[in-house]
Amino acid sequence: MSGGELIVRTLAGAGVDTVFGIVSVHNIPIYDAMNRTGLIRPVPVRSESAALLMADGYARSTGKLGVAITSTGGGAANGMGAMIESWWASAPVLHLAGDADNRFVDQNKGFLHEMKDQLGMLKSATKWAERPKDTADIARVLPEAIRQALGGRPRPVAVDLPINLQYFEEDVEVPSVGAIERVKPDDAEVRRAAEIIRNAKRPLIWAGGGTVIADCGPELTGLAELLGAGVVTSLTGRGAISEDHPLCIGCFTLEPQVNELLKEADVLIAVGTRFIGGDTRNWTVELPSTIVHLDVDGEEIGRNYPATAGVVADAKLGLSALLQELRGRSADHAWRQRCMDVRQETRQAVRDRVKPYDGIMDAIRSTCPRDAIMVRDATVPAYTWGNRLLEIYQARTSIHSSSGAIGIGLPTANGAAAGNPDKRVVLIAGDGGFMYHLGELATAVQEGLKVTILVFNDGGYGILRNIQDQQFDGRRIAVDLKTPEFAEMAKTFGMPGTKVSSVAEFAPAFRESVGEDGPALIEVDSRAIGPMATAYGGTSRRPTR
Ligand SMILES: Cc1ncc(C[n+]2csc(CCOP(=O)(O)OP(=O)(O)O)c2C)c(N)n1
Ligand SMILES: [Mg+2]
């Protein structure tokens, strides 16, 4: 069979049924093989950046491998920003990039689309990337790429595919990827960690993205209940424990009430987290001096805060081993109550700051079923309430810009909708970030994706405007943007479009959009609604010497 067919049959054997990409003379044999075999549905998009981000949204919301196909050089490079996002999100994304004929590649001869070091570029943003040396070698490289993407700590990977190898025919068997095993904990590590936790009087849990990836909701919730420990989460850790659980303090690690609680705690049980700068105000949030750190990626244990004890394991297996060891331990009622009080106080304080936009948030949450997928681009409505207060009840129903890059919203929302045709996806985007991938409105309509797109239009890069006001004496520059009439624009793409200018108008418009069988767009006129009670200027500060 041809290299293209080998690729398609290998992917299909690994359970892949959908891929996102743009066809090119440097990947056309793969498309032709999809056509001939009917094994995989290709979703055509409007930029490679969107292809990779759709694969990412698909992967994050389903837990399955997300696959994107691009061309050589500029096409492959267009996907790189997206791969940085997938790296941050620990999303299992496979980038199949076409490349020049391997008899001419990397020689700067002028082969169509070529670039200086495409494999080097792909390696720079991935856990693993390789170029097969001949067509038969695809049967070794591709399954390994899939194992790398999904195994241990999931991360983006890439396979660089010279175009001649996609055409050449070889007598090869379709390789199998095999089962992806979870990393099991070491007994001695578990016993040591359990010993520390057993003696704790005021334990807290810090749950990160690893808890979502491992799908360890019952174990995480079980440990919190057993210990009477509050659970704070990182941004990627939202949803493993339901945010309406009384012990789920939530994603508020920078709030003063939670910082106070962290100082009172005597043991922090960190699970599937690496304490990134954004969750710790660049590692200045004070954590208990005793930290038990469980992570599938041994390199993260103790990297940012010293770990008293480490357990290298999948979060689900690690937590169930700890639960076994800790059976019979009782909880301190006063501490349990203290955690539940902080949960309430924090939420109320944040709610007061975002008024009147809490009305919009409440309408979103009360209209949508618990399994709706909430996607947020990097925008003020996300930083202030979408990433914090808007409750998430299930793993894999929260997608945000992990890297902080703007523009990821629409394509990741589309990818989530493509992977979850039975669920509603809600996108919260700002006018600036939304403009990055306008072409994907056409993809949403074409594929009938059930996404409600909320564009919060403040006529520019609002957060930077606030930062200039707060930290640069109001000297505003390069923050005001001309925006189209978004609702009218949506209609020309073939989806319903509405504009709302008050909080009261929002709920009925939103309810209608959620009832649509495909995408719908609502422009929220933030200037008409007015400023938030407290203007948000981000967490970045001028560095001091
Ligand atoms: C790829 C990328 N480029 C630049 C930035 C810097 N940046 C952060 S937020 C922001 C403004 C986003 O504007 P908008 O989407 O309208 O949201 P708003 O801040 O107005 O709520 C910019 C430019 C970024 N985070 N990512
Ligand atoms: Mg804006």
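Select ligand 1 and Gly 432: an oxygen atom of the ligand sits 2.7 Å from a polar backbone atom of that glycine. The model on screen is predicted.

**Stop 1: ligand 1**

Keep ligand 1 selected and add Asp 458, which places a polar side-chain atom 2.9 Å from an oxygen atom of the ligand. Add Gly 460 next; here a backbone N or O atom lies 2.9 Å from an oxygen atom of ligand 1. How much of the ligand does the protein bury? Taken alone, ligand 1 exposes 580 Å², and 76% of that is buried by the protein.

Now colour the secondary structure around the ligand. Helix 17, helix 19 (431-434) and helix 21 are the elements that each give two or more residues to the shell around ligand 1. By class, this shell is made up of 9 nonpolar, 7 polar and 2 charged residues. Show the shell as sticks: of its 18 residues, Thr 379, Asp 431, Gly 432, Gly 433 and Gly 462 come nearest to ligand 1.

**Stop 2: the magnesium ion**

Select ligand 2, the magnesium ion. Which protein atoms are its donors? They are OD of Asp 431, OD of Asp 458 and O of Gly 460, at 2.0 to 2.1 Å from the ion. Along the sequence, the spacing of these donor residues is D-x26-D-x1-G. Trace the chain from one aspartate to the other: Asp 431 belongs to helix 19, while Asp 458 is in the loop between strand 16 (451-457) and helix 21, so the pair ties together parts 27 residues apart in sequence. Asp 458 and Gly 460 were also selected at the previous stop, each with an atom 2.9 Å from an oxygen atom of ligand 1.

**Stop 3: the largest pocket**

Hide the ligands and display the pockets. The largest pocket holds about 1,200 Å³ of space. To centre the view, select Leu 254, Arg 388, Tyr 536, Gly 538 and Thr 539, the closest to the pocket centre of the 42 lining residues. Elements giving two or more residues to this lining are helix 13 (277-280), helix 15 (333-354), helix 17 (380-386) and helix 21 (462-471). Which element gives the most? Helix 21 does, with 4 residues. Coloured by class, the lining shows 16 nonpolar, 18 polar and 8 charged residues.

**Stop 4: the second largest pocket**

Move to the second largest pocket, with a volume of about 810 Å³. It is lined by 46 residues, and Ser 90, Pro 154, Gly 209, Gly 210 and Ile 213 are the closest to its centre. Two or more lining residues come from each of helix 3 (48-62), helix 5 (80-89), helix 10 (209-213), strand 11 (291-295) and strand 14 (398-400). Helix 10 supplies the largest share of this lining, 4 residues. The class division for this pocket is 19 nonpolar, 15 polar and 12 charged residues.

**Stop 5: two backbone details**

Select Lys 355 and Pro 356 and show the backbone. Is the peptide bond between them cis or trans? The bond is cis, with omega near 5 degrees. Pro 356 is in the loop between helix 15 and helix 16 (358-367).

Finish at His 113, in the loop between strand 4 (93-99) and helix 6 (118-124). His 113 is not a glycine, yet its phi is positive, about 70 degrees.

Key
Residues numbered from 1 in each chain as written. Chains lettered and ligands numbered in written order. Predicted model: local features only at pLDDT ≥ 70, side-chain atom pairs only at ≥ 80, totals over all residues. Heavy atoms only, no water. 1 Å grid on protein atoms, 1.4 Å probe; cavity = no way out; pocket = protein on both sides within 12 Å on 5 of 7 lines; lining within 4 Å. Points joined across faces, edges and corners; volume = space filled by probe spheres on them. Nonpolar A, V, L, I, M, F, W, Y, C, P; charged D, E, K, R; others polar. Near = heavy atom within 4 Å. Polar contact = N/O pair within 3.5 Å; in protein donor to acceptor, adjacent residues only side chain to side chain. Areas by Shrake-Rupley, 256 points an atom, 1.4 Å probe, with all protein chains shown as cover. Donors = N, O, S within 2.8 Å, 3.2 Å for Na, K, Ca; no water.
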